[in-house]
Amino acid sequence: MNEIIYRSYDRDALDAQLNNRERVPQFEEYFQRWRAESDKVAGAHELRGDLAYGPSPGERIDLLPAEGPGPSPLLIFVHGGWWQTLDKADFLFPAPAFLKRGIAYASVNYDLAPKADIPEIVEQVRRAVAWLSRNAPDHGIDPDRIFLTGHSAGGHLAVCCLTAHWPAYGFEQTPVKGCLSISGIYDLTPIPLSYQQPVLRVTPEAVAACSPRFQPPKEAPPLICAVGATESEEFLDQQAEFIADWRAAGLSVEEVALPGRDHFSAVDALVEEDHPLLLATLSMIAR
């Protein structure tokens with residue numbers, strides 16, 4: 001019997017829990033469709049591309065202003081890819097569902113691993129949110145109505161913005177008024193034990209500092225969490241344990257069920273008309 005290294009998993013079992021591309025063999029079809037749909041969005045709407053929020057080439061934002069008069073709310077999307085793949089340009093496809101409702105949309109890039117480690121990426125995404133808040137009036141955006149969402153590693157990064165010490169970024173309190181995490185990672189403990197470690201180089205200090213499950217703030221804006229019902233036990237457990245710990249700390253977390261969804265089709269729920277995930281997100285923004 002192989003050595004148990006995390007929960008009831010040996011190394012092979014843990015890798016299988018975390019490897020969504022092995023679990024969903026048609027993952028490339030999702031990526032190709034998302035990119036094709038995102039290219040159409042970029043061509044059909046005003047795109048303010050590659051806005052720099054920092055000096056690194058990875059510190060860039062694609063912004064699509066809302067349709068209609070402003071100032072408008074803003075939904076910021078943070079992409080996943082295990083902190084090491086994908087690009088902001090792949091995730092413009094959700095924008096039309098929000099633009100037509102008078103909500104601006106931004107897709108954020110960050111330096112990918114191994115160029116940057118997870119603490120550095122967390123800092124970059126927080127600075128991207130701060131930049132968008134400070135520069136909101138220049139883009140017809142209400143700085144008091146900024147919302148955040150992310151998928152997978154992007155869900156982790158989005159929730160890490162709720163745990164930030166915002167005075168360090170020039171804000172008395174968080175500029176984020178609500179957050180949606182889709183298939184997020186909330187506890188980094190298994191990552192350095194897995195096949196991801198050679199690229200991500202996660203230290204014990206990073207696990208402690210960048211696991212939002214263990215960093216509940218005293219106060220937090222509305223938070224929605226959703227995970228596909230057919231995802232691995234680890235992703236289901238990550239969300240359940242995170243929600244339990246944050247609720248135990250007195251924080252409110254809304255849970256949206258995604259029956260029949262895998263790790264990738266979970267994202268599509270965000271753009272499907274009348275889907276509970278889209279409706280919950282719109283309700284959060286409208287509060």
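The second largest pocket of this predicted model has a volume of about 220 Å³, where a pocket is an open set of points on a 1 Å grid over the protein atoms alone, at which a 1.4 Å probe fits, with protein on both sides within 12 Å along at least five of seven lines. The volume is the space filled by probe spheres set on the points, which are joined across faces, edges and corners. Of the 19 residues that line the second largest pocket (an atom within 4 Å of a point), those closest to its centre are R21, F31, G81, W82 and T85. Helix 2 (20–23) and helix 3 each give at least two residues to this lining, helices being DSSP runs of H or I with at least four residues and strands runs of E with at least two, numbered from the N terminus.

The largest pocket has a volume of about 340 Å³, and among its 16 lining residues W166, Q173, T174, P217 and E219 are the closest to its centre. The table sets out both linings by class, with Ala, Val, Leu, Ile, Met, Phe, Trp, Tyr, Cys and Pro counted as nonpolar, Asp, Glu, Lys and Arg as charged, and the others, Gly among them, as polar.

| Pocket | Nonpolar residues | Polar residues | Charged residues |
|---|---|---|---|
| Largest pocket | eight | four | four |
| Second largest pocket | eight | ten | one |

F31 also takes part in ring pairing. Rings of Phe, Tyr and Trp (its six-membered ring) pair if their centres lie within 6.5 Å, and planes under 30 degrees apart count as stacked, over 60 as edge-to-face and the rest as tilted. By this rule there are 18 aromatic pairs. The pair of F31 and F264 is edge-to-face, because the ring centres are 5.7 Å apart and the planes stand at 85°. Since F31 lies in helix 3 (residues 27–44) and F264 in the loop between strand 8 (253–258) and helix 10 (265–268), the pair ties together parts that are 233 residues apart in sequence. F31 is buried (under 20% relative accessible area with a 1.4 Å probe, protein chains only), at 13%, and F264 is buried at 5%.

W34 and F93 form a stacked pair, 5.5 Å centre to centre with 15° between the planes, and both residues are buried. W34 lies in helix 3 and F93 in the loop between strand 3 (72–78) and helix 4 (95–99), so this pair joins parts 59 residues apart in sequence. Ring pairs link F27, Y30, F31, W34, F77, F91, F93 and F264 into a cluster.

Residues are numbered from 1 along each chain as its sequence is written, and side-chain values use heavy atoms, with hydrogens and water left out. In this predicted model, local features need pLDDT of at least 70 and side-chain atom pairs count only at pLDDT 80 or more, while totals for chains, interfaces and linings use all residues.

Terms used:
Buried < 20%, exposed > 50% of the residue type's maximum accessible area, 1.4 Å probe, protein only.
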